Structure formats: structure tokens, C-alpha cells
Amino acid sequence: MAATPAKTGARPSRGGSSVESRQRVRDGATSALMHLVLLIVAVIVIYPLIWVVGSSFGPGGGLANATPIPENATVDNYVHLFTETNYGRWYLNSLYVAVLNMVGSVALSALCGWVFARIRFRGRKVSMLGILILQMFPSFLTAIAVYMLFLNFGLLDSLTGLALVSIAASLPYNTWLMKGYTDNLPASLDEAAALDGAGRLTIFRKIILPLMRPMLTFVAITSFTAPWMDFILPRLLLQSNDKQTVALGLFQMITDQYSNDFTTFAAGAVALALPITILYIVLQRHLVTGAMAGAEKG
């Protein structure tokens, strides 16, 4: 009789298959829970936006007529916004403050971040600690002191003065971000350029500054959008009607006892958010890269 060949394959363990099944079930339940949470958050965030956009196309001006999906949609609110109000002037004022804030914040934070990251000087650690402490406090805590300072120097009701306050308020946070990002850049680039005879400013301008582009983009966008949403400092420092920003103008539109036009307010909010939204979408990759890089090392 021929010998029966021996079986070489091992029978799979039932215990191992059971563990794998339970792991797949847990992974599926975790994934489903995460998607459910994200869906709930998306609904909470998106529904007010839909409500504002729908209200901007709604007929009438009262809050009772504001609905997410208007029955008789119209663009009369947008026509009224740009023809019957000073929205264009408010927009230009906010744009002026935003551009000054962006340029000043990018220039000063890039220079200060590079100095703290690359240059060793007396009082460096104390200054860094002071910057870290300053960025913990919101700017409106110094509102009274800023008002008295502007009053003494004659800077009240000045858009340029408001831009200077915005730059000073955001400088500690932006400096810390730029310092953390510059720390991740290899110091060998500086050393190689120094051996070739380049000075510190040349190294900063031709080597470090181009490598800072992701973080510079992040600081520029955040500094540009901050004045659009600022209300406390403009309310305190700006007094005349022709110097109002968009935030002040829209607030007055719904608080004036003779003009409670909520649908026009919604149209103004949509017109204000549209360019900022497009800017964020276009530069999203640079924003994420800059934010993650700046948080890696401080």
C-alpha cells in the first residue's frame, strides 16, 4: 500500500480569526462614530450659513421674513446695500486697515522671528518669555490704555492708528510662529552663506525669507482677515461716520431704532465673507502647511 503523504499545512486558529473579526468590528464602529460626529458638526456649522445666505435673498427687511429658503427670492437687498447705504465706504475702510495690518504684520513678524531664532543676544530668553505671556491676553484688555494713548497723540478716529493697534496686538503671536518655523530651517544654510561673505541681512533676504513662504502666507492671510471681524477696537477708536469699518456699519444697520434691516444685514455679511472664503480656499494648502510647521517647535 502506498504511504499517504503527510499534511504539511497547519489548520488556521479559530482564536486568531475571532480576534481579527472583533478588531474589524471595533474599527468599523469607530469610523461610523467619527463620521456621525463630523456630520453633526457640519450641520451645526453649515445651517447658520445657509440661513444667512437665504435671508439675504428674502423679501422684506424684518427678521420674521428671514428664512433659509426664501419663497420669493430677490436681489433687492444687495441693490439696496450698495445704493442706499455706505457699505462701499465701510468696505474700503476695512480693506485699508486689513492691507496695512497684513503688510506690517508680515514684515515685522518675519524679521523678529528670524532675529529670535538665529541671533543670540543678551535678554533673548526674557524677551521670548515676555512675548509668550503677551500672546495669552486678548487685545481688548488694553482698550482703555490704547484709547488714552491715542487721545494724547491725536490718533483717535484714524484708520492708520487702528491698523497700528492691530499690528501690535498680533505681533507677539506672529513672532512666535515665525520663530518656531525658522528654528526648523537648517542653520547650515546660514553658515554656508556666511563663509561666502554674505552678511546677516543678505542671508535673511535671499535665503531665509524665500524658505519662510508657507508661514508668511499663513500670517498674511490671518492678518488680512482679522480686521474684518474686529469690532471692539474700531468701536472705541473710530468716531466719525466716514471712518467706520464694515463691522461697525453692519452693527448699526440692525441696532438703529429707525432701521432694523436684517435682510440687508445678511446681504452685507455674505458680500463680506465671499472674498475671504475664496482666499482661504485658494491658499488652504499654504495655511495648513504654515500652521503645522509653526507648531512643531517653539
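A search of the whole structure turns up 9 aromatic pairs, and one of these makes a good opening stop. Select Y91 and W228: their ring centres sit 5.0 Å apart with the planes at 50°, so the pair is tilted. Y91 belongs to helix α3 and W228 to helix α9 (residues 213–229), so this pair ties together parts that are 137 residues apart in sequence. Before going further, please keep in mind that you are looking at a predicted model.

**Around the rings**

Stay with the same two residues and colour them by accessibility. Y91 counts as partly exposed, because its relative accessibility is 21% and buried means under 20%. W228, by contrast, is buried, with a relative accessible area of 4%. Now widen the selection to F82, Y87, W90, Y91, F224 and W228, which ring pairs link into a cluster.

**Stepping back to the whole chain**

Zoom out and switch to a cartoon view. How many helices and strands does the chain have? The secondary structure comes to 13 helices and 0 strands, so the pattern read along the sequence is α-α-α-α-α-α-α-α-α-α-α-α-α. The chain has 298 residues, and buried residues make up 34% of them. Consider the contacts with a separation of 6 or more: residues 24 or more positions apart account for 73% of those.

Next, colour by confidence. The mean pLDDT of the chain is 81, with 86% of the residues reaching 70 or more. Where is confidence lowest, and where is it highest? The lowest mean is 59, in helix α13 (residues 284–294), while α3 has the highest, at 91. Select residues 294–298 as well: pLDDT stays under 50 there, and the model has 12 contacts beyond four places in sequence for this stretch. Where pLDDT is low, the predicted coordinates should not be read in detail.

**Along helix α3: S109**

Return to helix α3 (residues 87–118) and pick out S109. Is S109 buried or exposed? S109 is buried, because its relative accessible area is 0%. Show its side chain and look for the backbone oxygen of V106, which lies 3.4 Å from a polar atom of that side chain. Then display the surroundings of S109: leaving aside neighbours within four places in sequence, S109 is in contact with L171, N174, T175, M178 and V219.

**On to R118**

Keep following helix α3 until you reach R118, which also has its place in this helix. The structure holds 2 salt bridges, and R118 forms one of them with D190, the closest N and O atoms being 3.0 Å apart. This pair links distant parts of the chain, with R118 in helix α3 and D190 in helix α7 (residues 188–195), 72 residues apart. Both R118 and D190 are buried.

Show what else surrounds R118. Not counting residues up to four places away in sequence, R118 touches T182, D183, L185, P186, A187, D190 and I208. One of these, L185, has its backbone oxygen 2.9 Å from a polar atom of the R118 side chain. Another, T182, is 64 residues from R118 along the chain, yet their C-alpha atoms are separated by 8.0 Å.

**Into helix α6: D183, K179 and W176**

D183, also touched by R118, leads to the other stop in this part of the tour. Which residue forms a salt bridge with D183? The partner is K179, and the closest N and O atoms are 2.8 Å apart. Both residues lie in helix α6 (residues 159–183), 4 residues apart, or about one turn of the helix. D183 and K179 are both buried.

Side chains of opposite charge can pair when their charged atoms come close. Add W176 to the view, since K179 has a further neighbour there: K179 lies over the face of W176, at 5.9 Å from the ring centre.

**Last stop: T202**

Finish by selecting T202 in helix α8 (residues 200–211). T202 is partly exposed, because its relative accessible area is 30%. Draw a C-alpha to C-alpha distance from T202 to D190, the salt-bridge partner of R118: the two are 12 residues apart in sequence and 10.0 Å apart in space.

Key:
Residues numbered from 1 in each chain as written. Predicted model: local features only at pLDDT ≥ 70, side-chain atom pairs only at ≥ 80, totals over all residues. Heavy atoms only, no water. Helix = DSSP H or I, 4+ residues; strand = E, 2+ residues; numbered from the N terminus. Buried < 20%, exposed > 50% of the residue type's maximum accessible area, 1.4 Å probe, protein only. Polar contact = N/O pair within 3.5 Å; in protein donor to acceptor, adjacent residues only side chain to side chain. Contact = heavy atoms within 4.5 Å. Phe/Tyr/Trp six-rings, centres within 6.5 Å; stacked < 30°, edge-to-face > 60°. Lys NZ or Arg CZ within 6 Å of the ring centre and 35° of its normal. pLDDT = per-residue confidence, 0-100. Salt bridge = Lys/Arg side-chain N within 4 Å of Asp/Glu carboxyl O.
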